[in-house]
Amino acid sequence: MEQLKEKIDSLLMRVSKPTRYIGGELNSVEKNLENVYIRFAFAFPDVYEVGMSHLGMKILYSLLNEEDDIYCERVFAPWIDMENLMRENKIPLFSLETKTPLDKFDFVGFTLQYEMSYTNLLNMLNLGNIPILSKDRKEGPFIIAGGPCAYNPAPLSEVVDIFVMGEGEEVILEIMEVYRKWKNISGKRDEFLKLISKIEGVFIPAFYEEIYNSDGTIAEIKPLKEDISPRVKKRIIKDFETIFYPEKQIVPFMDIVHDRIMLEVFRGCTRGCRFCQAGMIYRPVREKSVEKLLELADKLIKSTGYEELSLTSLSTCDYSQIEDLVKKLIEKYHDEGVGVAIPSTRIDAFSVNLLNEIQKVRKTGLTLAPEAGSQRLRDIINKGVTEEDLMVSTEEAFKAGWNTIKLYFMIGLPGETFEDVEGISDLVHKVISIYKKVRGNLKDLKITVSTSIFVPKPFTPFQWVGQEDVNTIIEKQDLLKKNLRGKNIRYSWHDHRTSFLEAVVSKGDRKVGRAIIKAWEKGCKFDGWDEYLKYDKWLEAFEEEGIDPHFYANRERNYDEIFPWDVVDVGVNKKYLLRELNKSKELKTTNDCRVFCTGCGIKEFDEEVKCFETH
Amino acid sequence: MKRIRNKFKKEENVRFISHLDVMRLFERAFRRADIKIAFSKGFNPHPKISFGNALMVGATTDGDYFDVEVCEDILPKDFKNKINNVLPKGIIILESFEVANEDILSSRIVAADYLIKFSTFENIHDIYDTYKKFIEQPSIEIEKDTKKGKKVIDIKAYIIETKLLFYDGKMGEIYVKLKLGEGTPTPLHLLKAFNDFLDGLINLENYKLKREKIILDTDMR
């Protein structure tokens, strides 16, 4: 180990951002390896500064390390310069804490946050001397994966040994407990998998087979063993108030993407935007009490010394006690110079006033996401926001002194016409006029307009919808490029190639999985980083695997089609999703479920779980 | 308000963290230690800390400095202990002492002592003489990256004292005392120039740089 450490050290003078690879940060965990029985590598399939910004990693890292005989360490994808040097010098992928090669762990756990990081996952296994295919691994670590993308386990089914569906902090220790016993008796790999397949939320892909119809759609996802459940239910944290939450978070030396304390206020979202996967899969909504949050905030500020605390949730302003919480946090920490940040903001005057309050400590940017350019389209996607809301809130913001504003939209939404796209630029110009009305001139105004491309996702009402064809997307982007000129506006758009691949993979089956491996073999990695995307290699990979990517990305599905992800039960049922899809076609909106229950199925899913629980 | 001057050490394990990282790290350490420090006014308040000349990424130090304005009545030795208790491994405050409010750190800094360990591709038999000859040149021009692009400067103008301390046929070590000020070159520039003088016999991918200490004019009195 010491030797490897020295070898790594000798490379660091030659790479960009060497701090990515050193470990030893404040609150990172050190353990005596002699007392450790289970070694767990928490692997994030992207670079350090991205992975370290991820809340799930912070939670599971701390939770696992609470156990005396478990040591959880961190592993990230090395940047390309470092990877080249590692390969050249035969240095295997290593953990930050003890510089242990990846194949020496009991578990390698990946969090799947983004489909375009799958090639990085494969690359990390390979760099760690671990065979890519599950069936080729006779010894060495089990590969376990969770996170939002795991809900469609199909594409990585031949790679990952164990998928965890749902909230990992509820399940992971149960898996570790079985592992302790299994390791004690030195059982067979298959036996361990069989044992944990009985744990709710655990999905073992090797125990299932995809059977296809002649048209390439799925006929059946067939359990290969007798006592295997045909469907796996996701796990839900029963008591969100008391569930483990890290009171210490690692403070990186280098600047990372989200360099602040993350305090999770609630989980889930009640808004029901029809494109949003997170809004569906994280149900039900569960909040922590203000008292609990204040207690956690205090411990976290003391243990990290961070200058900023972020209230992290899908739509933080929806927290039932948000004003009270923000007021108390500011009162308490203002003098210490600790600011509060709210990452996602609703578009209403209330939220803007709240941000005003926050600004007293530290100036934050203002980001609003109307998502679509017309009321008709916003109704289709059930984004409960009106043009009036946007106008009022931007006026308030400009009056309060903001000069910089970011507006997020999506293009390629179901039913979107060119008029709707014109609507985006019209809205932007209206916001500019408001600024002029409030301030008298446009001198300091900076508007950043950003459009992403709609990717239909599993477990959303739009899972049946096909992605819009690339040529139309490009035309729409060109239209906006033309309409969004001017010295106050900066327009940025997503790469249509990335969004197309994301659509293929997110709704992909096991056949797509083989193409991902092919693409990686051809050198694909860091596909989410535009400058490294090798699109032609992906197309070659599809072709060689006999796959038509449009079949996955652009095809509209029949209502009775069996999806690769139907093997997972996320609680929100197909009936509800279909009802929402049909309502969208009739331009009908659905209320926020804080008003009254919209019957998504989560209540019937688990009787013990109370929906929208406040304390 | 009290101005406390601190001498600190940065060890091997944190030699890759940048100057900016170190500044941020102390800021957060004050908060963990619950020591009230002064903040600038404005939209993005910054703690009133000032550091001496930036240390190169990859280098260690046994004596860098920073000043901080503290809003409470605390003895420098208590300040030191409290901060040392909350610092990550590898960063240690060695000395803390109070200075007058108008005593500005940057105007006190005059020079720094450095040690550079290097390795060579082959045994250089007459390296001590060669180093002497190298240093005794009327000028040693080096190319330095500045904000305005590359600039050629004479590093000799900055060298107060230098010596090749030892060489065993593979590894060697150079001591150099450099004037510190606006646009000071780094010891690495010196090593590179020596390498050019030796026609590339030094392995520039394998060296270790240590700042032994920054020298303040108060040290010289």
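**Local geometry, sheet and contacts in a two-chain model**

Ser186(A) is exposed, with 6 other C-beta atoms within 10 Å. The model described here is predicted. Ser186(A) sits in the loop that links α6 (168-184) and α7 (189-196) of chain A. Its phi is positive, about 45 degrees, although Ser186(A) is not a glycine.

Lys17(A) is another non-glycine residue with a positive phi, near 45 degrees. This lysine belongs to the loop between α1 (2-12) and β1 (38-44) of chain A. Its surroundings hold 18 other C-beta atoms within 10 Å. A residue needs 20 or more to be buried and 12 or fewer to be exposed, so Lys17(A) is partly exposed.

A cis peptide bond is present in chain A, between Arg283(A) and Pro284(A). Omega there is about 0 degrees. Pro284(A) is part of the loop between α8 (277-281) and β12 of chain A.

On the other side of β12 (286-287), the loop leading to α9 (290-304) of chain A contains Lys288(A). Is Lys288(A) buried or exposed? Lys288(A) counts as buried, because 26 C-beta neighbours lie inside 10 Å and the threshold is 20 or more. Neighbours within four places in sequence aside, the contacts of Lys288(A) are Phe240(A), Glu241(A), Val265(A), Phe266(A) and Leu293(A). Ala77(A) lies 33 Å from Lys288(A), C-alpha to C-alpha, at a sequence separation of 211 residues.

The domain assignment splits chain A into domain 1 (2-233) and domain 2 (243-336 + 573-615). Over C-alpha atoms, the centres of domain 1 and domain 2 of chain A are 26 Å apart. Contacts between them involve 18 residues of domain 1 and 22 residues of domain 2. On the domain 1 side, α2 (48-51) and α3 (55-66) of chain A are the elements that give two or more residues. The largest share comes from α3(A), with five residues. By class, this side of domain 1 has eight nonpolar, five polar and five charged residues.

Chain A also holds an open sheet of four strands, in the order β15-β16-β17-β18. The pairing is parallel. Strands of a sheet pair through backbone hydrogen bonds. The edges are β15 (366-371) and β18 (489-493) of chain A. Each has a single partner strand, so one side of each has no neighbour in the sheet. From one strand to the next, the twist averages 20 degrees. Within this sheet, β16 (residues 404-411) and β17 (residues 446-453) of chain A are joined by eight bridges in the parallel sense. One of the residues in this pairing is Met410(A), whose bridge partner in β17(A) is Ser452(A). Helix α14 (residues 418-439) of chain A packs on the sheet. Its contacts reach β15, β16, β17 and β18 of chain A. The direction of α14(A) makes about 165 degrees with that of β17(A).

Chain B has six helices and ten strands. Its C-alpha atoms fill a box of roughly 60 × 35 × 30 Å along the principal axes. Of its 221 residues, 29% count as buried. Among contacts in chain B with a separation of 6 or more, 72% come from residues 24 or more positions apart.

An antiparallel pair in chain B is made by β8 (residues 159-167) and β9 (residues 171-179), with seven bridges. Ile159(B) stands opposite Leu178(B) of β9(B). The hairpin of β8(B) and β9(B) has three residues between the strands. In this hairpin, Gly169(B) adopts a positive phi near 100 degrees.

The interface between the chains brings 20 residues of chain B into contact with 22 residues of chain A. On the chain B side, α1 (19-32) and β10 (202-216) each supply at least two residues. The greatest contribution is that of α1(B), with seven residues. The residues on this side of chain B comprise eight nonpolar, five polar and seven charged.

Definitions and conventions: Residues numbered from 1 in each chain as written. Chains lettered and ligands numbered in written order. Predicted model: local features only at pLDDT ≥ 70, side-chain atom pairs only at ≥ 80, totals over all residues. Domains from an automatic or database assignment. Contact = placed C-beta atoms within 7 Å. Nonpolar A, V, L, I, M, F, W, Y, C, P; charged D, E, K, R; others polar. Pairing = 2+ DSSP bridges. Axes fitted to C-alpha atoms, helices over the stretch in contact; angles between N-to-C directions.
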